[in-house]
Amino acid sequence: MRLILLGPPGAGKGTQARRIVGRFGGVHVATGEILRANAERGTDLGREARRYMDRGDLVPDELVVGMMLTRLDEPDAAGFVLDGFPRTQAQAKALDRHLDEVGRPLDAVLSLEIGEQELRRRLAGRAAEQDRADDEHERAVTRRLQVFASETAPLVAYYQDRGLLLRIDAEGTMDEVTEQIARALTDRQGAA
């Protein structure tokens with residue numbers, strides 16, 4: 001399967017991506033890990049991305065797309081779960097063009113949907129585990145949710161229009177969410 005996980009910070013994308021791969025196969029491709037790996041290996045794209053990352057700036061779409069498409073062309077990535085990519089419509093369109101060119105279109109896009117109160121509760125738990133200050137945490141959470149709302153949330157409509165979107169209630173336990181995802185993917189495979 002070729003899947004994308006969409007959802008705000010704290011929705012459980014990383015956890016669910018690993019569980020989907022464990023159950024359905026493929027590879028978990030996380031944007032942050034790809035960016036860090038390229039920067040550490042000193043690839044051309046990684047060196048350029050490092051300049052942005054070191055300043056605390058967002059890495060431009062063309063660099064992110066280049067790294068992600070390179071990763072998706074590797075032999076082990078015939079099936080994948082994308083976590084953190086695409087984040088913008090420009091990235092989504094570049095991904096679609098590439099997958100169409102190589103004859104491996106997306107199977108589904110899972111939108112992990114969760115209320116802001118539950119997100120803040122989860123992210124506060126994460127911050128406590130990492131021993132971060134409450135004020136710092138609150139500002140960071142607010143900023144991350146704003147960025148998600150402005151840049152990534154429009155992808156829900158984009159993929160809904162393409163008939164790929166599966167909405168998942170991500171407010172349950174990890175196991176409940178995993179079972180919801182498994183049912184949705186199994187139903188989608190059966191309908192194909």
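I started at Leu95 and listed its contacts, leaving aside neighbours within four places in sequence: Ile4, Leu69, Leu72, Leu82, Phe85, Pro86 and Tyr159. I note here that the model is a predicted one.

**Cores**

Which residues touch the most other members of the largest nonpolar core? I found Leu82, Leu95 and Tyr159, in a core of 31 residues. I then looked up which elements supply at least two residues each: strands S1 (2–6), S2 (27–30) and S3 (80–83), and helices H2 (31–41), H4 (61–72), H5 (89–101) and H8 (154–161). Helix H4 gives the most to this core, with seven residues. Apart from this core lies another, of 22 residues. I noted Val21, Leu110, Leu112 and Val141 among the members of that other core. For context, nonpolar side chains tend to be buried together in soluble globular proteins.

**Helices H5 and H8**

Next I checked how H5 and H8 pack. Their axes come within 10 Å and cross at roughly 35 degrees. On the H5 side I listed Gln89, Ala92, Lys93, Leu95 and Asp96. On the H8 side I listed Pro154, Leu155, Tyr158 and Tyr159. What is the make-up of this contact, in nonpolar, polar and charged residues? I recorded six nonpolar, one polar and two charged. Leu95 and Tyr159 are both in the H5–H8 contact, and they are also in contact with each other.

**Gln91 and Thr31**

I then looked up two residues that are not nonpolar by class. Gln91 lies in helix H5. Is Gln91 buried or exposed? Its relative accessible area is 4%, so I put it down as buried, the cut-off being under 20%. Not counting residues up to four places away in sequence, Gln91 touches Asp61, Val64, Val65, Phe85 and Pro86.

Thr31 is found in helix H2. I have Thr31 at 5% relative accessibility, so Thr31 counts as buried too. Its contacts, with neighbours within four places in sequence left aside, are Val64, Met68, Asp83, Gly84 and Phe85. Val64 and Phe85 appear in the list for Gln91 and again in the list for Thr31. Phe85 is also on the list for Leu95.

**Asp54**

For a contrast I took Asp54, which has its place in helix H3 (residues 44–55). Asp54 has a relative accessible area of 57%, so I marked it exposed, the cut-off being over 50%. How far apart in space are Asp54 and Tyr159, C-alpha to C-alpha? I read 32 Å, with their positions 105 residues apart in sequence.

**Whole chain**

I ended with the chain as a whole. I counted nine helices and five strands. Read along the sequence, they follow the pattern β-α-β-α-α-α-β-α-β-α-α-α-β-α. The radius of gyration is 17 Å and the globule rule gives 16 Å for 192 residues, so I entered the chain as being as compact as a globular protein of that length. Along its principal axes the C-alpha trace spans about 50 × 40 × 30 Å.

Of the 192 residues, 45% count as buried. The chain exposes about 10200 Å², and carbon and sulfur atoms supply 47% of that area. What share of the contacts between residues at least 6 apart in sequence joins residues at least 24 apart? I noted 72%.

Notes: Residues are numbered from 1 along each chain as its sequence is written. This is a predicted model: local features need pLDDT of at least 70, side-chain atom pairs count only at pLDDT 80 or more; totals for chains, interfaces and linings use all residues. Side-chain values use heavy atoms; hydrogens and water are left out. A nonpolar core is a set of buried Ala, Val, Leu, Ile, Met, Phe, Trp, Tyr and Cys residues joined through side-chain atoms within 4.5 Å. Buried means under 20% relative accessible area, exposed over 50%, partly exposed in between (1.4 Å probe, protein chains only). Helices (H or I, at least four residues) and strands (E, at least two) are DSSP runs, numbered from the N terminus. Contact means heavy atoms within 4.5 Å. Axes are lines fitted to C-alpha atoms, for helices over the stretch in contact, and angles run from 0 to 180 degrees between N-to-C directions. The radius of gyration is taken over C-alpha atoms; the globule rule is 2.2 Å times the number of residues to the power 0.38. Accessible areas come from the Shrake-Rupley method with a 1.4 Å probe; for residues, only the protein chains shown count as cover.
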